[in-house]
Amino acid sequence: MSRDRKALSRSEQTTSSFVEVAIRLGALALLLYWSLILVSPFISIAIWSAVLTVALYPVFEWISLRLGGRRRLAAALVTVLSLLVIIGPATWLALGLVDSLRMISERLDFSNLTIPPPSISVKDWPLIGEPIYQFWNLASTNLRAALAQIIPQLKPLGGSLLRIGADTGLGIIMFLVSIIVAGFLFSPAPAIVEAVKKFAHRLNPSRGEEFVDQAGATIRAVSRGVIGISVLQALLAGIGLIVADIPQASLIAFGVLVLGIIQIGPSIILIPVIIWSWTFMDTKSALLFTAYMVPVNLLDNFLRPIVMGRGLKTPMLVILIGVIGGTLAYGITGLFLGPIVLAVIWELFVGWIEEREKVSKA
(Lines give C-alpha, C1' and ligand atoms only; values in the text may rest on other atoms or scores of the structure.)
Protein backbone atom coordinates (compact mmCIF):
# COMPACT_ATOMS: atom_id res chain seq x y z
CA MET A 1 0.00 0.00 0.00
CA SER A 2 2.83 2.43 0.88
CA ARG A 3 4.53 1.68 -2.44
CA ASP A 4 1.35 2.52 -4.31
CA ARG A 5 1.03 5.79 -2.43
CA LYS A 6 4.66 6.67 -3.20
CA ALA A 7 4.18 5.85 -6.88
CA LEU A 8 0.98 7.92 -6.98
CA SER A 9 2.76 10.80 -5.25
CA ARG A 10 5.64 10.67 -7.77
CA SER A 11 3.15 10.58 -10.65
CA GLU A 12 1.34 13.62 -9.28
CA GLN A 13 4.65 15.47 -8.83
CA THR A 14 5.69 14.61 -12.41
CA THR A 15 2.34 15.80 -13.74
CA SER A 16 2.54 18.97 -11.68
CA SER A 17 6.08 19.65 -12.91
CA PHE A 18 5.05 19.02 -16.51
CA VAL A 19 2.08 21.37 -16.21
CA GLU A 20 4.27 24.03 -14.58
CA VAL A 21 6.89 23.77 -17.35
CA ALA A 22 4.16 23.91 -20.03
CA ILE A 23 2.67 27.05 -18.46
CA ARG A 24 6.08 28.71 -18.29
CA LEU A 25 6.89 27.82 -21.89
CA GLY A 26 3.46 29.05 -23.02
CA ALA A 27 3.91 32.35 -21.16
CA LEU A 28 7.41 32.73 -22.63
CA ALA A 29 6.16 31.98 -26.14
CA LEU A 30 3.34 34.52 -25.71
CA LEU A 31 5.78 37.20 -24.53
CA LEU A 32 8.14 36.46 -27.42
CA TYR A 33 5.25 36.64 -29.90
CA TRP A 34 4.09 39.99 -28.52
CA SER A 35 7.66 41.28 -28.54
CA LEU A 36 8.05 40.23 -32.18
CA ILE A 37 4.83 42.06 -33.11
CA LEU A 38 6.04 45.21 -31.33
CA VAL A 39 9.48 45.25 -32.95
CA SER A 40 8.47 43.96 -36.41
CA PRO A 41 7.97 47.51 -37.85
CA PHE A 42 11.56 48.30 -36.86
CA ILE A 43 13.27 45.09 -38.01
CA SER A 44 14.25 46.54 -41.40
CA ILE A 45 15.61 49.69 -39.77
CA ALA A 46 17.55 47.60 -37.23
CA ILE A 47 19.06 45.39 -39.95
CA TRP A 48 20.03 48.35 -42.11
CA SER A 49 21.46 50.22 -39.13
CA ALA A 50 23.65 47.23 -38.25
CA VAL A 51 24.74 46.81 -41.87
CA LEU A 52 25.59 50.50 -42.24
CA THR A 53 27.48 50.53 -38.94
CA VAL A 54 29.62 47.55 -39.95
CA ALA A 55 30.17 48.83 -43.49
CA LEU A 56 31.07 52.40 -42.50
CA TYR A 57 32.98 51.63 -39.30
CA PRO A 58 36.42 51.73 -41.01
CA VAL A 59 35.56 55.21 -42.32
CA PHE A 60 34.43 56.22 -38.82
CA GLU A 61 37.70 54.93 -37.31
CA TRP A 62 39.78 56.82 -39.88
CA ILE A 63 37.92 60.09 -39.27
CA SER A 64 38.07 59.57 -35.52
CA LEU A 65 41.86 59.22 -35.63
CA ARG A 66 42.14 62.39 -37.73
CA LEU A 67 39.99 64.25 -35.18
CA GLY A 68 42.15 63.22 -32.24
CA GLY A 69 39.91 60.43 -30.96
CA ARG A 70 36.72 62.50 -30.71
CA ARG A 71 34.39 59.65 -31.54
CA ARG A 72 31.10 61.50 -31.14
CA LEU A 73 32.19 64.24 -33.53
CA ALA A 74 33.41 61.60 -35.99
CA ALA A 75 30.08 59.75 -35.75
CA ALA A 76 28.14 62.96 -36.40
CA LEU A 77 30.37 63.78 -39.38
CA VAL A 78 29.97 60.30 -40.92
CA THR A 79 26.20 60.50 -40.44
CA VAL A 80 25.94 63.91 -42.11
CA LEU A 81 28.16 62.83 -45.02
CA SER A 82 26.11 59.65 -45.50
CA LEU A 83 22.87 61.63 -45.55
CA LEU A 84 24.32 64.04 -48.10
CA VAL A 85 25.47 61.16 -50.29
CA ILE A 86 21.91 59.76 -50.33
CA ILE A 87 19.88 62.99 -50.38
CA GLY A 88 22.00 64.73 -53.03
CA PRO A 89 21.62 62.14 -55.84
CA ALA A 90 18.02 61.44 -54.81
CA THR A 91 17.17 65.15 -55.19
CA TRP A 92 18.94 65.27 -58.55
CA LEU A 93 17.01 62.26 -59.78
CA ALA A 94 13.71 63.61 -58.49
CA LEU A 95 14.23 66.92 -60.27
CA GLY A 96 15.15 65.06 -63.45
CA LEU A 97 12.00 62.97 -63.18
CA VAL A 98 9.85 66.08 -62.69
CA ASP A 99 11.42 67.74 -65.74
CA SER A 100 10.84 64.58 -67.79
CA LEU A 101 7.18 64.37 -66.80
CA ARG A 102 6.67 68.06 -67.53
CA MET A 103 8.27 67.69 -70.95
CA ILE A 104 6.10 64.67 -71.75
CA SER A 105 2.93 66.46 -70.64
CA GLU A 106 3.81 69.50 -72.76
CA ARG A 107 4.51 67.46 -75.87
CA LEU A 108 1.61 65.05 -75.48
CA ASP A 109 -1.43 66.94 -76.80
CA PHE A 110 -4.36 64.59 -77.50
CA SER A 111 -6.18 67.24 -79.51
CA ASN A 112 -3.40 67.30 -82.13
CA LEU A 113 -2.36 63.67 -81.81
CA THR A 114 -3.24 61.62 -84.90
CA ILE A 115 -2.88 57.88 -85.34
CA PRO A 116 -2.69 56.48 -88.89
CA PRO A 117 -5.30 53.86 -89.79
CA PRO A 118 -4.21 50.22 -89.67
CA SER A 119 -3.35 48.18 -92.71
CA ILE A 120 -5.97 45.68 -93.81
CA SER A 121 -3.34 42.95 -93.45
CA VAL A 122 -3.52 43.30 -89.67
CA LYS A 123 -6.77 41.35 -89.77
CA ASP A 124 -4.87 38.34 -91.06
CA TRP A 125 -2.73 38.06 -87.92
CA PRO A 126 -3.61 34.78 -86.15
CA LEU A 127 -5.78 34.99 -83.01
CA ILE A 128 -5.16 38.68 -82.24
CA GLY A 129 -5.49 40.25 -85.68
CA GLU A 130 -9.21 41.13 -85.61
CA PRO A 131 -9.34 42.76 -82.11
CA ILE A 132 -6.13 44.69 -82.76
CA TYR A 133 -7.49 45.94 -86.10
CA GLN A 134 -10.77 47.05 -84.53
CA PHE A 135 -9.08 48.91 -81.67
CA TRP A 136 -6.46 50.47 -83.94
CA ASN A 137 -9.12 51.60 -86.38
CA LEU A 138 -11.16 53.13 -83.56
CA ALA A 139 -8.07 54.94 -82.22
CA SER A 140 -7.37 56.39 -85.68
CA THR A 141 -10.87 57.85 -85.91
CA ASN A 142 -11.80 58.56 -82.26
CA LEU A 143 -8.84 58.43 -79.87
CA ARG A 144 -10.83 59.41 -76.80
CA ALA A 145 -13.28 56.54 -77.31
CA ALA A 146 -10.39 54.12 -77.71
CA LEU A 147 -8.79 55.34 -74.50
CA ALA A 148 -12.14 55.04 -72.71
CA GLN A 149 -12.16 51.32 -73.60
CA ILE A 150 -8.74 50.55 -72.11
CA ILE A 151 -8.86 52.80 -69.04
CA PRO A 152 -10.71 50.17 -66.91
CA GLN A 153 -7.95 47.65 -67.75
CA LEU A 154 -5.25 50.19 -66.88
CA LYS A 155 -6.65 50.99 -63.42
CA PRO A 156 -5.11 47.90 -61.72
CA LEU A 157 -1.79 48.78 -63.32
CA GLY A 158 -2.07 52.32 -62.03
CA GLY A 159 -2.83 51.05 -58.54
CA SER A 160 0.19 48.76 -58.67
CA LEU A 161 2.43 51.63 -59.79
CA LEU A 162 1.12 53.81 -56.96
CA ARG A 163 1.85 51.04 -54.43
CA ILE A 164 5.34 50.61 -55.84
CA GLY A 165 5.90 54.36 -55.59
CA ALA A 166 4.61 54.45 -52.01
CA ASP A 167 6.79 51.47 -51.02
CA THR A 168 9.81 53.11 -52.63
CA GLY A 169 9.20 56.36 -50.77
CA LEU A 170 8.74 54.50 -47.48
CA GLY A 171 11.92 52.52 -48.15
CA ILE A 172 13.91 55.71 -48.73
CA ILE A 173 12.59 57.23 -45.49
CA MET A 174 13.44 54.06 -43.54
CA PHE A 175 16.92 54.03 -45.05
CA LEU A 176 17.49 57.65 -43.99
CA VAL A 177 16.31 56.79 -40.48
CA SER A 178 18.69 53.80 -40.50
CA ILE A 179 21.59 56.12 -41.31
CA ILE A 180 20.71 58.31 -38.33
CA VAL A 181 20.39 55.28 -36.03
CA ALA A 182 23.72 53.96 -37.29
CA GLY A 183 25.28 57.27 -36.29
CA PHE A 184 24.42 56.51 -32.66
CA LEU A 185 25.93 53.01 -32.93
CA PHE A 186 29.43 53.97 -34.05
CA SER A 187 30.75 55.00 -30.61
CA PRO A 188 29.46 51.96 -28.63
CA ALA A 189 30.18 49.58 -31.54
CA PRO A 190 33.11 47.74 -29.81
CA ALA A 191 30.96 46.99 -26.75
CA ILE A 192 28.08 45.83 -28.98
CA VAL A 193 30.41 43.53 -30.95
CA GLU A 194 31.78 42.07 -27.72
CA ALA A 195 28.24 41.34 -26.49
CA VAL A 196 27.34 39.69 -29.81
CA LYS A 197 30.50 37.57 -29.65
CA LYS A 198 29.63 36.42 -26.13
CA PHE A 199 26.16 35.42 -27.32
CA ALA A 200 27.65 33.59 -30.31
CA HIS A 201 30.11 31.86 -27.99
CA ARG A 202 27.22 30.54 -25.93
CA LEU A 203 25.61 29.17 -29.09
CA ASN A 204 28.83 27.67 -30.48
CA PRO A 205 31.77 27.76 -28.04
CA SER A 206 34.30 26.59 -30.63
CA ARG A 207 33.56 28.89 -33.58
CA GLY A 208 30.93 31.41 -32.48
CA GLU A 209 33.28 34.41 -32.43
CA GLU A 210 34.71 33.40 -35.80
CA PHE A 211 31.21 33.46 -37.31
CA VAL A 212 30.66 37.00 -36.00
CA ASP A 213 33.91 38.14 -37.63
CA GLN A 214 32.91 36.32 -40.81
CA ALA A 215 29.54 38.13 -40.86
CA GLY A 216 31.26 41.51 -40.50
CA ALA A 217 33.73 40.73 -43.27
CA THR A 218 30.89 39.58 -45.53
CA ILE A 219 28.93 42.81 -44.96
CA ARG A 220 31.98 44.91 -45.84
CA ALA A 221 32.74 42.80 -48.91
CA VAL A 222 29.15 43.04 -50.20
CA SER A 223 29.09 46.78 -49.49
CA ARG A 224 32.24 47.32 -51.50
CA GLY A 225 31.54 44.81 -54.24
CA VAL A 226 27.83 45.41 -54.85
CA ILE A 227 26.80 48.86 -53.67
CA GLY A 228 30.21 50.50 -54.08
CA ILE A 229 30.78 49.21 -57.62
CA SER A 230 27.15 49.99 -58.59
CA VAL A 231 27.50 53.58 -57.37
CA LEU A 232 30.81 53.97 -59.22
CA GLN A 233 29.30 52.49 -62.39
CA ALA A 234 26.23 54.75 -62.19
CA LEU A 235 28.43 57.81 -61.56
CA LEU A 236 30.66 57.08 -64.56
CA ALA A 237 27.63 56.31 -66.74
CA GLY A 238 25.95 59.55 -65.65
CA ILE A 239 29.05 61.57 -66.52
CA GLY A 240 29.18 60.03 -69.98
CA LEU A 241 25.47 60.56 -70.56
CA ILE A 242 25.61 64.22 -69.50
CA VAL A 243 28.71 64.98 -71.58
CA ALA A 244 27.09 63.32 -74.63
CA ASP A 245 23.89 65.33 -73.97
CA ILE A 246 21.73 62.19 -73.83
CA PRO A 247 18.07 62.97 -72.95
CA GLN A 248 16.91 61.92 -69.47
CA ALA A 249 20.49 61.22 -68.34
CA SER A 250 19.53 61.27 -64.65
CA LEU A 251 16.85 58.61 -65.05
CA ILE A 252 19.18 56.39 -67.06
CA ALA A 253 21.92 56.75 -64.42
CA PHE A 254 19.41 55.88 -61.71
CA GLY A 255 18.38 52.79 -63.67
CA VAL A 256 22.05 51.78 -63.95
CA LEU A 257 22.38 52.09 -60.16
CA VAL A 258 19.27 50.08 -59.37
CA LEU A 259 20.00 47.32 -61.89
CA GLY A 260 23.55 47.05 -60.57
CA ILE A 261 22.41 46.69 -56.96
CA ILE A 262 19.77 44.05 -57.73
CA GLN A 263 22.36 42.09 -59.76
CA ILE A 264 20.68 42.35 -63.16
CA GLY A 265 23.34 44.59 -64.67
CA PRO A 266 23.10 47.83 -66.64
CA SER A 267 23.40 46.26 -70.10
CA ILE A 268 19.63 46.26 -70.71
CA ILE A 269 19.71 50.07 -70.38
CA LEU A 270 23.11 51.06 -71.73
CA ILE A 271 23.14 48.89 -74.86
CA PRO A 272 19.93 50.49 -76.25
CA VAL A 273 21.39 53.92 -75.42
CA ILE A 274 24.55 53.05 -77.37
CA ILE A 275 22.43 51.89 -80.32
CA TRP A 276 20.40 55.12 -80.08
CA SER A 277 23.62 57.17 -80.22
CA TRP A 278 24.52 55.64 -83.61
CA THR A 279 21.08 56.59 -84.90
CA PHE A 280 20.84 60.21 -83.75
CA MET A 281 24.49 61.30 -83.30
CA ASP A 282 27.23 61.87 -85.84
CA THR A 283 29.72 59.06 -86.40
CA LYS A 284 32.60 60.60 -84.44
CA SER A 285 30.48 61.43 -81.39
CA ALA A 286 28.80 58.01 -81.45
CA LEU A 287 32.19 56.29 -81.69
CA LEU A 288 33.60 58.23 -78.74
CA PHE A 289 30.43 57.63 -76.71
CA THR A 290 30.55 53.90 -77.46
CA ALA A 291 34.26 53.66 -76.63
CA TYR A 292 33.50 55.22 -73.22
CA MET A 293 30.25 53.43 -72.36
CA VAL A 294 31.29 49.86 -73.28
CA PRO A 295 34.01 49.69 -70.56
CA VAL A 296 31.61 51.34 -68.10
CA ASN A 297 28.98 48.73 -68.93
CA LEU A 298 31.48 45.91 -68.28
CA LEU A 299 33.05 47.51 -65.21
CA ASP A 300 31.14 45.42 -62.65
CA ASN A 301 32.12 42.14 -64.33
CA PHE A 302 35.82 42.87 -63.75
CA LEU A 303 35.89 44.78 -60.46
CA ARG A 304 33.17 43.06 -58.42
CA PRO A 305 34.83 39.62 -58.08
CA ILE A 306 38.16 41.28 -57.19
CA VAL A 307 36.67 43.64 -54.59
CA MET A 308 34.30 41.11 -53.01
CA GLY A 309 36.98 38.43 -52.74
CA ARG A 310 39.27 40.50 -50.53
CA GLY A 311 39.30 39.47 -46.87
CA LEU A 312 36.89 36.53 -47.24
CA LYS A 313 37.53 32.83 -46.75
CA THR A 314 34.17 31.87 -48.22
CA PRO A 315 34.32 31.04 -51.96
CA MET A 316 33.14 33.83 -54.24
CA LEU A 317 30.49 31.58 -55.83
CA VAL A 318 28.81 31.11 -52.44
CA ILE A 319 28.79 34.87 -51.82
CA LEU A 320 27.35 35.62 -55.27
CA ILE A 321 24.63 32.99 -54.85
CA GLY A 322 23.76 34.53 -51.48
CA VAL A 323 23.65 38.04 -52.96
CA ILE A 324 21.41 37.08 -55.88
CA GLY A 325 19.19 34.66 -53.94
CA GLY A 326 18.83 37.01 -50.99
CA THR A 327 17.88 39.91 -53.26
CA LEU A 328 15.28 37.84 -55.09
CA ALA A 329 13.81 36.45 -51.85
CA TYR A 330 13.92 39.46 -49.49
CA GLY A 331 14.61 42.49 -51.66
CA ILE A 332 17.37 44.93 -50.85
CA THR A 333 17.68 43.65 -47.25
CA GLY A 334 18.39 40.17 -48.58
CA LEU A 335 21.35 41.63 -50.45
CA PHE A 336 23.25 41.39 -47.15
CA LEU A 337 21.32 38.68 -45.30
CA GLY A 338 21.72 36.17 -48.14
CA PRO A 339 25.54 36.10 -48.29
CA ILE A 340 25.86 36.26 -44.49
CA VAL A 341 23.61 33.23 -43.99
CA LEU A 342 25.29 31.23 -46.76
CA ALA A 343 28.77 32.19 -45.50
CA VAL A 344 27.95 30.92 -41.99
CA ILE A 345 26.36 27.75 -43.38
CA TRP A 346 29.42 27.18 -45.58
CA GLU A 347 31.79 27.57 -42.63
CA LEU A 348 29.69 25.17 -40.55
CA PHE A 349 29.75 22.66 -43.42
CA VAL A 350 33.52 22.98 -43.87
CA GLY A 351 34.08 22.71 -40.12
CA TRP A 352 31.90 19.58 -39.95
CA ILE A 353 33.86 17.94 -42.80
CA GLU A 354 37.21 18.80 -41.21
CA GLU A 355 36.05 17.47 -37.86
CA ARG A 356 34.91 14.20 -39.47
CA GLU A 357 38.27 13.86 -41.23
CA LYS A 358 40.13 14.35 -37.94
CA VAL A 359 37.98 11.70 -36.25
CA SER A 360 38.51 9.22 -39.10
CA LYS A 361 42.30 9.76 -39.04
CA ALA A 362 42.41 9.33 -35.27
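**Exercise 1. Glycine 351**

Task: In this predicted model, determine where glycine 351 lies, and decide whether glycine 351 counts as buried or exposed.

Solution: Begin with the secondary structure, which places glycine 351 in helix 12, the element that runs over residues 334-361. Next, take the relative accessibility of glycine 351, which is 16%. Buried means under 20% relative accessible area, so glycine 351, at 16%, counts as buried. As a last step, look at arginine 207, which is 144 residues away from glycine 351 in sequence, while the two C-alpha atoms are 9.0 Å apart in space.

**Exercise 2. The chain as a whole**

Task: Establish how many helices and strands the chain has, and what share of its residues is buried.

Solution: The count of secondary structure elements gives 12 helices and zero strands, and reading along the sequence accordingly yields the pattern α-α-α-α-α-α-α-α-α-α-α-α. Turning to burial, the chain has 362 residues, of which 29% are buried. The accessible surface amounts to about 23,800 Å², and carbon and sulfur atoms contribute 71% of that area. For the contacts, consider those with a separation of 6 or more: 63% of them join residues that are 24 or more positions apart.

**Exercise 3. The course of helix 2**

Task: Compare the span of helix 2 with the expected one, and find at which residue helix 2 bends.

Solution: Helix 2 comprises the 24 residues 43-66, and the distance from its first C-alpha to its last is 34 Å, close to the 34 Å expected at 1.5 Å a residue. The local axes nevertheless show a bend of about 50° at leucine 56, and proline 58 follows within four residues. The buried residues of helix 2 include Trp48, Leu52, Tyr57 and Phe60, and also the polar-side-chain entries Ser49, Thr53 and Ser64. Just after helix 2 comes glycine 68, whose phi is positive at about 75°.

**Exercise 4. A salt bridge between helices**

Task: Find how many salt bridges a search of the whole structure yields, and which side chains meet in a salt bridge.

Solution: The search of the whole structure returns one salt bridge. The side chains that meet are those of arginine 71 and glutamate 61, at 3.2 Å from N to O. This pair links distant parts of the chain, since arginine 71 belongs to helix 3 (residues 71-107) and glutamate 61 to helix 2, with their positions 10 residues apart in the numbering. Side chains of opposite charge can pair when their charged atoms come close. For the surroundings, note that arginine 71 is partly exposed with a relative accessible area of 26%, and that glutamate 61, at 28%, is likewise partly exposed.

**Exercise 5. Lysine 197**

Task: Decide whether lysine 197 counts as buried or exposed, and list which residues lysine 197 touches.

Solution: Lysine 197 is located in helix 6, residues 189-203. Its relative accessibility is 18%, so lysine 197 counts as buried. Leaving aside residues up to four places away in sequence, lysine 197 touches Glu209, Val212 and Asp213.

**Exercise 6. From helix 7 to helix 8**

Task: Work out where aspartate 245 lies, and how the span of helix 8 stands against the expected value.

Solution: Aspartate 245 sits in the loop between helix 7 (208-243) and helix 8 (249-261). Although aspartate 245 is not a glycine, its phi is positive, at about 60°. Most residues other than glycine have a negative phi. Aspartate 245 has 64% relative accessibility and therefore counts as exposed. Helix 8 follows, and its 13 residues should span 18 Å at 1.5 Å a residue, which agrees with the 19 Å between its end C-alpha atoms. Among the buried residues of helix 8 are Ile252, Val256, Leu259 and Gly260. Gly260 also allows a comparison across the sequence, as its C-alpha is 7.3 Å from that of valine 226, a residue 34 positions away along the chain. Valine 226 is in helix 7 and, with 0% relative accessibility, counts as buried. Just after helix 8, glutamine 263 adopts a positive phi of about 70°.

**Exercise 7. A nonpolar surface patch**

Task: Identify which residues form a nonpolar patch on the surface, and where tryptophan 34 is placed.

Solution: The patch consists of Leu30, Leu31, Tyr33, Trp34 and Ile37, which together have about 540 Å² of accessible area. Tryptophan 34 has its place in helix 1, residues 2-39, and is partly exposed, at 48% relative accessible area.

Terms used
Residues numbered from 1 in each chain as written. Predicted model: local features only at pLDDT ≥ 70, side-chain atom pairs only at ≥ 80, totals over all residues. Heavy atoms only, no water. Patch = residues over 30% accessible without salt bridge, like charges linked within 9 Å, V, L, I, M, F, W, Y side chains within 5 Å. Areas by Shrake-Rupley, 256 points an atom, 1.4 Å probe, with all protein chains shown as cover. Salt bridge = Lys/Arg side-chain N within 4 Å of Asp/Glu carboxyl O. Helix = DSSP H or I, 4+ residues; strand = E, 2+ residues; numbered from the N terminus. Buried < 20%, exposed > 50% of the residue type's maximum accessible area, 1.4 Å probe, protein only. Expected span 1.5 Å × (residues − 1). Bend = angle between axes of the 7 residues up to and from the residue. Contact = heavy atoms within 4.5 Å.
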